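Please load the model in your viewer and keep the selection panel handy. We will go from one selection to the next, with a short note on what to look for at each stop.

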Protein chains: 2
Amino acid sequence: MVRWEPGAAGRLREAAMALYAEQGYDGTTVAQIADRAGVTARTFFRYFADKREVLFAGSEELERVIADAVIAAPAEAGPMEAVAAGVLAAGEAFVGRRDFARQRYAVVAATPELREREFIKMASLVEAFRAALQERGVAPGRAVLAAETGITVFRVAFERWVEGAEADLVVVIRETLGELSELTS
Amino acid sequence: MVRWEPGAAGRLREAAMALYAEQGYDGTTVAQIADRAGVTARTFFRYFADKREVLFAGSEELERVIADAVIAAPAEAGPMEAVAAGVLAAGEAFVGRRDFARQRYAVVAATPELREREFIKMASLVEAFRAALQERGVAPGRAVLAAETGITVFRVAFERWVEGAEADLVVVIRETLGELSELTS
DNA sequence: TTCGGTGATGTCATCGTGTGACATCACTGA
DNA sequence: TCAGTGATGTCACACGATGACATCACCGAA
């Protein structure tokens with residue numbers, strides 16, 4: 001007889017998503033999430049630093065994707081081309097996951113506390129972006145601006161993708177990049 | 001004899017800033033802030049929704065400043081000129097307040113929870129920006145992108161100003177705007 | 001002057017979040 | 001067989017946040 005079912009982290013994630021969607025974030029307690037996952041509240045906090053993090057754990061993966069793409073961009077590419085490469089690579093990570101992204105987006109958008117966490121995760125993406133750009137030799141100040149701009153494009157495109165009809169995030173990102181260069185020219 | 005000293009909100013703000021700087025945000029309890037301000041913890045929560053908000057209350061003012069400037073921009077100005085007008089107006093609101101801005105920036109930057117709140121305040125600025133741009137007749141999608149870009153410039157410029165030698169935020173904003181148009185051209 | 005209303009504050013009780021300390025128990029390898 | 005390991009449970013507790021109710025200086029009307 002097993003003492004506990006494996007995969008507690010995954011069960012907690014699913015339970016949290018479901019409960020946040022059903023009852024709202026504020027209306028859900030950690031104890032409820034833990035119950036549904038078949039563990040105690042104490043165990044919840046062993047896997048996730050706080051009640052928000054259960055929806056955001058794993059976002060470091062995206063940092064890696066972006067950094068890799070930026071570094072792998074052709075040597076002759078300018079800063080903005082490298083940024084585009086990073087943003088597009090991030091977009092590719094969401095292929096076939098629009099339904100999931102929509103559900104998650106709805107939950108996050110409905111709760112200021114979750115939006116806050118989302119923003120700080122984006123700041124981590126900016127940092128990964130910036131470091132990768134500097135590794136390419138982009139000057140520090142310029143790298144910050146380029147990284148911030150890249151993530152801004154990603155956020156705008158992501159929102160359009162989730163709310164719009166186009167199924168491919170990469171397409172929306174391309175449109176948004178084009179629109180930005182029009183806007184600032 | 002007065003039952004209580006007036007200006008509780010201001011005293012709470014000052015006490016919080018001082019304690020967060022001295023002991024860190026996590027190391028400070030609401031009870032300590034309230035004590036120093038000469039009130040009870042319950043009163044703290046009557047003025048501020050939570051322990052973070054005490055550093056951020058009043059940021060609606062900046063929303064107004066931005067919106068007014070965007071709307072007041074010349075009718076013939078394009079979206080990006082209107083954005084520039086908004087960002088520059090926001091910059092002017094900080095004339096002569098660099099020392100204060102630096103201290104506050106240091107406190108916020110040191111604590112993830114406070115950075116989260118800062119980000120969501122920036123999102124409010126984006127929203128104010130967007131609404132003002134749409135009022136000028138900028139198309140919705142374009143307005144979102146322009147507003148996001150404007151606040152990105154503001155954030156980057158603000159950080160450079162706080163960390164750098166240039167005393168005038170407006171100058172730094174002008175530089176940053178120029179750099180952005182170079183970058184995306 | 002008196003008296004009822006008002007508003008800022010205090011007091012008390014309570015719930016939820018988050019964490020440290022320690023106990024438990026299946027599993028593993030020597 | 002047995003000591004160690006790791007995931008979990010149990011317990012206690014501090015702090016954040018909120019609702020309900022009490023208090024009391026002040027102000028205006030009768």
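## Stop 1: the annotated regions of chain A

Start by selecting residues 6–66 of chain A, which an unreviewed UniProt entry annotates as "domain: HTH tetR-type". Bear in mind as you look around that this is a predicted model. The span 6–66 of chain A is 62% helix and 0% strand, and its end C-alpha atoms lie 31 Å apart.

Now narrow the selection to residues 29–48 of chain A, listed by UniProt (unreviewed entry) as "DNA-binding region". Here the chain is 75% helix and 0% strand, with 14 Å between the end C-alpha atoms.

## Stop 2: DNA strand C

Next, select DNA strand C and the protein residues around it. Which residues come nearest to DNA strand C? Of the 21 residues around the strand, they are Arg42(A), Thr40(B), Thr43(B), Arg46(B) and Tyr47(B). Among the atoms of DNA strand C that come within 4 Å of the protein, 58% belong to sugar and phosphate.

Three spots deserve a distance label:

- Thr43(B): an N or O atom of the side chain is 2.5 Å from a phosphate oxygen of DNA strand C.
- Lys51(A): a backbone N or O atom lies 2.9 Å from a phosphate oxygen of DNA strand C.
- Ala49(A): a backbone N or O atom lies 3.5 Å from a phosphate oxygen of DNA strand C.

Colour by secondary structure for a moment. Helix 3 (41–47) of chain A and helix 3 (41–47) of chain B each supply at least two residues of the surface near DNA strand C. The one that gives the most is helix 3 of chain B, with 4 residues. Coloured by residue class instead, the surface near DNA strand C shows 8 nonpolar, 5 polar and 8 charged residues.

## Stop 3: DNA strand D

Move on to DNA strand D. Of the 22 residues around this strand, Thr40(A), Thr43(A), Arg46(A), Tyr47(A) and Arg42(B) come nearest. Sugar and phosphate make up 61% of the atoms of DNA strand D that come within 4 Å of the protein.

Again, three pairs to label:

- Tyr47(A): an N or O atom in the side chain is 2.4 Å from a phosphate oxygen of DNA strand D.
- Thr40(A): an N or O atom in the side chain is 2.9 Å from a phosphate oxygen of DNA strand D.
- Ala49(B): a polar backbone atom is 3.5 Å from a phosphate oxygen of DNA strand D.

The elements giving two or more residues to the surface near DNA strand D are helix 3 of chain A and helix 3 of chain B. Which helix has the largest share of that surface near DNA strand D? Helix 3 of chain A does, with 4 residues. By class, the surface near DNA strand D divides into 9 nonpolar, 5 polar and 8 charged residues.

## Stop 4: a helix pair between the chains

Finally, leave the DNA and select helix 9 (residues 169–184) of chain A with helix 8 (residues 140–163) of chain B. They pack at an angle of about 70°, and the axes of helix 9 of chain A and helix 8 of chain B are 11 Å apart. Helix 9 of chain A and helix 8 of chain B are therefore roughly perpendicular to each other.

Show side chains at the contact. From helix 9 of chain A you will see Thr176(A), Glu179(A), Leu180(A), Glu182(A) and Leu183(A), which meet Gly141(B), Arg142(B), Leu145(B), Ala146(B) and Thr149(B) in helix 8 of chain B. The residues of this contact divide into 4 nonpolar, 3 polar and 3 charged.

Note on methods
Residues are numbered from 1 along each chain as its sequence is written. Chains are lettered from A and ligands numbered from 1 in the order in which they are written. This is a predicted model: local features need pLDDT of at least 70, side-chain atom pairs count only at pLDDT 80 or more; totals for chains, interfaces and linings use all residues. Side-chain values use heavy atoms; hydrogens and water are left out. A residue is near a molecule or strand if one of its heavy atoms lies within 4 Å of it. A polar contact is a pair of N or O atoms within 3.5 Å; within protein, one must be able to donate a hydrogen and the other to accept it, and residues adjacent in sequence count only if both atoms are side-chain atoms. Ala, Val, Leu, Ile, Met, Phe, Trp, Tyr, Cys and Pro count as nonpolar, Asp, Glu, Lys and Arg as charged, and the others, Gly among them, as polar. UniProt positions are given in the numbering used here, feature names are shortened, and annotations may be inferred rather than shown by experiment. Axes are lines fitted to C-alpha atoms, for helices over the stretch in contact, and angles run from 0 to 180 degrees between N-to-C directions. Angles under 35 degrees count as roughly parallel, over 145 as roughly antiparallel, 65 to 115 as roughly perpendicular and the rest as oblique. Contact means heavy atoms within 4.5 Å.
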